[in-house]
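Got the viewer open? Let's walk through this model together, one selection at a time.

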Amino acid sequence: MKNDSDKILQEVTGSDYKYGFYTDIEMDQAPPGLTEDTIRFISAKKNEPEFMLEFRLKAFRHWQTLKEPEWAHVEYPPINYQDLIYYSAPRKRPKYDSLEEVDPELLETFEKLGIPLDEQKSLAGVAVDAVMDSVSVGSTFKKTLGEHGVIFCSFSEALQKHPELIKKHMGSVVPYTDNFFAALNSAVFSDGSFAYIPKGVRCPLELSTYFRINAANTGQFERTLIVAEEGSYVSYMEGCTAPIRDEHQLHAAIVEIIAHKDAEVKYSTVQNWWPGDKEGKGGVYNFVTKRGICEGEHSKISWTQVETGSAVTWKYPSLILRGDNSTGEFYSVAVTNNKQQADTGTKMIHLGKNTRSTIISKGISAGRSNNSYRGLVKTSKKAENARNFSQCDSLLLGDQCGAHTFPYLDVGNRSSIVEHEATTSKISEDQLFYCLQRGIDMEGAIGLIVNGYAKEVLSKLPMEFAVEAQKLLSISLEGSVG
Amino acid sequence: METTYSSLNKDRLIELFHREQKSMTELATPLVNRIRQHALSRFEKNGFPSKQLENWRFTDLTPLLNTEFFFDFSNKSRSMDVEKIFTCDVYDLDTFSITLLNGWFVYKSAPLTKLDNGTIIGSLAKAMEVYPELVDQYFGKAAKTDVYELAALNTAFVQDGLFIYVPDGVTLEKPVQLINIVNADHPVFLQPRHLIIVGKGSKITLVHCDHSLTHNVSFTNILTEIFAEDNAVVDHYKIQNKGRNSALITNTFIRQKKSSSVYSNMITLNGGFTKNILDVSLPEPNCRSEHFGLYLVDSNQHVDNQVYIDHIAPDNYSNQLFKGILDDEARAVFSGKVMVRRHAQHTVAHQNNKNILLTDDAKANTQPHLEIYADDVKCSHGATVGQLDPEAMFYLRSRGLCERTARQLMMIAFAGEVVQKISIQALQERIQHLVEKRLKGELSICDQCMLHCNSKEPTAFNIDMSKI
């Protein structure tokens, strides 16, 4: 194990953001700007059913009445929403039957990303849906999944093939009226992933989606919808990268998860958008709305997130625990370095009886970054015996960064127990001394301690993500020593 | 001249200000009047805090302002026998006591007393007349009228209140007790203003009691500024025991100079609506700042504690512990914020809020926030909302205690953690007694606390059997 971590550390020392390449693929773009025409263009381009266009237009009209939220502990220059390109798809977008038909340059991109898209990666046992600049370019393992009745495809494909499922569930957890960015996404989203696990099925594979922003000046607006029917189980992973660019890119996604009776959904994400350079130039604005609902009794949803990228993050994966005895979990590691800003956390809304939730959040700030935890735990009057435990620790590396904790506890009945604990400190001198004394250099020692600090969360990630996450932690903190 | 309004809002108060300006400004120094004008412009801009604001999300002032309030700007500072209307109930408490009646200073002999050791205690209005340079040096220097809407409102209408000046190197052996009484036969809107200056190496204990003698509606918006100079020690107790129809807002601003210590203790036993705002600035090193709070509320009472501790300089220590027991449909809000600025290295800051809910209709909202910009710090916060520990309950039951006694014992122990921080023995015992009575349901809202109204005879309490 020790050798492994040494190797990882060696591998990452001296390397910067390694996903910063740009692929020259012909793009099919909408003209910049946002009007009803843009939305009609997107909808027409994607050959969407009528109800979808109506939904988009309603969302757009609502969005026009909203103001961009300012309450988060982040600062960024105002975004001109009329300058962005809202649709950008790789041209010659065919309906692929096998990988041979795929544009080789595209495949190369995925090769560089190291995603197990092609057949040789079948050993990894992962079904991948890759979304590049808003359009899904290929899913693998359709057959295996099909045999179990699992639907896993791009959102547009689902709209063509299963419009009734989309119509029923889309917007039921995150309505377009939810917030500014959710409304924007609902109006202009171009693609995303859709997963449907039928009753009683334990999904045989881990589902995985990779998102990548490629073209300049585009906004990425994807939408993920996961529906787990009674008694089903699924583990879903999401990863994301973006090329290095001077200007900022906007990413405003929506993730909706619905877990019915006895269902379990495990959602893991490693967010690694381009964070901008050391001076805070460029980088992705990551304004995401993620919410799950434990609809049925004994259902369970867990969020695990490793946040290392993005210039500005605004993200609160939340859970509504409506079913009695349902469980919600939130595990998060958020790392900020240089001039990154992150305002992230969760909301646990207890509505059902005997609902339980756990929140473990580990924030690490270095450089001149700001890292905030913002979380709400709410128990309604009817949520008898609700139980929550939250622990939010912050680690400060360097005296120019900030670590903030903003918990909100709203308790509305006498039988629930809600606890929140948090500490903020710097790396322990004793631990550092111990490592140095054993011949580990400063950077190695910090990497080791930080990995140990975040272990509680990393251990919740699926195996292959865990390795990547460990590497990411080290890369993100590089140069923060001394 | 008396003025009545059917309901109160920003515009009406501003109109009132311009009409009554003369009677307010003639008592104050020119500097205080300049600060007043600035505060008025702030209030004109911001108005009353709305529920849209982060710190007022759960606390709504609008229904409280929908009353016919009486305003009286004529100088009511006067000599009268306070003991006739009020007797302190803490028998052994030997204090230098001062009384404010409906916001005006009332005294036995003189409005402003200068003790042999140089300490000045008395009416703020009088102090502005006799020691204008002393008042000007401190007045308004701690109160952040730009940030707090109600502090701006208080500053705009400042007239009278308590003034204490303790010169350097003086230890006041006797605690100073400030009794704030509201006794009016019609709804009143009061804004007393206190200025407390504690010189280098001096020591003072301040006991601040808020009472109402009648059950009329009242709205009190108090502002207290406390300045602790180098090495000063300030012990500040606030005991709030108001009527169900009273709204009490306290704005306390504390500014600590190097190596000073300030301890505060807010005990809310009864009150219709209470909001305590505490703002502490630590611009110099080696200070201690400890703040405790206890609230025992029932029926539809509302208590909101808002604490902001600003660690500006390095090497400071701060601690907050707020505990509450909520019964019936009571609501408690705690919003604490610890700010550790970039240069405040070696800060140690703790923040804790614990609540027990006794019914399903009670509600607790707690927001313990930390904002930290320095790395070599130790900061922690915690918050819990829950019920009595079933294991402890089982232990007591297994020892043969009935459920009621076991519950009371545990609640008394829960509150004890805060009560034991009170360093004045007599007061601690008395508060302990009151807390016990309160938790046993013997101290109902009607028989207000320590006041045995005009008689020295102990009051016969109506025991609310439903609570037992």
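Start by selecting B:Y373, and show its neighbours: leaving out residues up to four places away in sequence, B:Y373 touches A:G402, B:V340, B:R341 and B:R342. Two residues count as being in contact if their C-beta atoms, placed from the backbone, lie within 7 Å. This is a predicted model, in which local features need a pLDDT of at least 70, side-chain atom pairs count only at pLDDT 80 or more, and totals for chains, interfaces and linings use all residues. Residues are numbered from 1 along each chain as its sequence is written, while chains are lettered from A and ligands numbered from 1 in the order in which they are written.

Stay on B:Y373 for a moment. Its place is in the loop between β23 (363–372) and β24 of chain B. (Strands, E, are DSSP runs of at least two residues, and helices, H or I, are runs of at least four, numbered from the N terminus.) Is B:Y373 buried or exposed? B:Y373 is buried, because 21 other C-beta atoms lie within 10 Å. The cut-offs are these: 20 or more other C-beta atoms within 10 Å of a residue's own make it buried, 12 or fewer make it exposed, and anything in between is partly exposed, with C-beta atoms placed from the backbone. Now draw a distance from B:Y373 to B:V340: they are 33 residues apart along the chain, yet their C-alpha atoms are separated by 5.9 Å.

**Where the chains meet**

A:G402 was one of the contacts of B:Y373, so next colour the two chains separately and look at the contact between them. In total, 28 residues from chain A and 30 residues from chain B take part. On chain A, select β24 (402–411) and β25 (417–426): each supplies at least two residues of the side that touches chain B. That side of chain A has ten nonpolar, eleven polar and seven charged residues. Here Ala, Val, Leu, Ile, Met, Phe, Trp, Tyr, Cys and Pro count as nonpolar, Asp, Glu, Lys and Arg as charged, and the others, Gly among them, as polar.

Keep β25(A) selected and add strand β24 of chain B (residues 378–386). The two run antiparallel and are joined by seven bridges; strands pair if DSSP finds at least two bridges between them. To see one such bridge, click A:T424, whose partner in β24(B) is B:C379. The predictor gives the complex an ipTM of 0.81 and a pTM of 0.83.

**Into the core**

Which residues have the most contacts inside the largest nonpolar core? Select A:V265 and B:V340; the core they belong to has 241 residues. A nonpolar core is a set of buried Ala, Val, Leu, Ile, Met, Phe, Trp, Tyr and Cys residues joined through C-beta atoms within 7 Å. Around A:V265, not counting residues up to four places away in sequence, you'll find A:I226, A:A228, A:V234, A:Y236, A:I257, A:A259, A:G292 and A:I301.

**Two domains of chain A**

Now select residues 29–276 of chain A, which are domain 1, and then 316–482, which are domain 2. These bounds come from an automatic or database domain assignment. Between the two, 14 residues of domain 1 are in contact with 16 residues of domain 2. On the domain 1 side, β10 (233–241) and β13 (264–271) each supply at least two residues. By class, that side divides into six nonpolar, five polar and three charged residues.

**A covered strand**

Next, select β18 of chain A, residues 327–336: nine of its ten residues are buried. Add strand β15 (residues 300–307), which pairs with β18(A) in the parallel sense over eight bridges. One place to look is A:T304, with A:Y331 as its bridge partner in β18(A). Then add β21 (residues 356–366), which also pairs with β18(A) in the parallel sense, over ten bridges. There, A:V335 stands opposite A:I364.

**Zoom out**

Show both chains as cartoons. Chain A has eleven helices and 25 strands, and 55% of its 482 residues count as buried. Chain B has ten helices and 24 strands, with 51% of its 468 residues buried.

**Last stop: confidence**

Finally, colour by pLDDT, the predictor's confidence in each residue, from 0 to 100. Chain A averages 80, with 77% of the residues scoring at least 70. Chain B has a mean of 85, and 88% of its residues reach 70 or more. In chain B, pick out residues 444–459, where the pLDDT is below 50 and the model has 29 contacts beyond near neighbours in sequence. In chain A, pLDDT stays under 50 over residues 8–15, with 14 contacts beyond four places in sequence, and also over residues 92–99, with eight such contacts. Where pLDDT is low, the predicted coordinates should not be read in detail.
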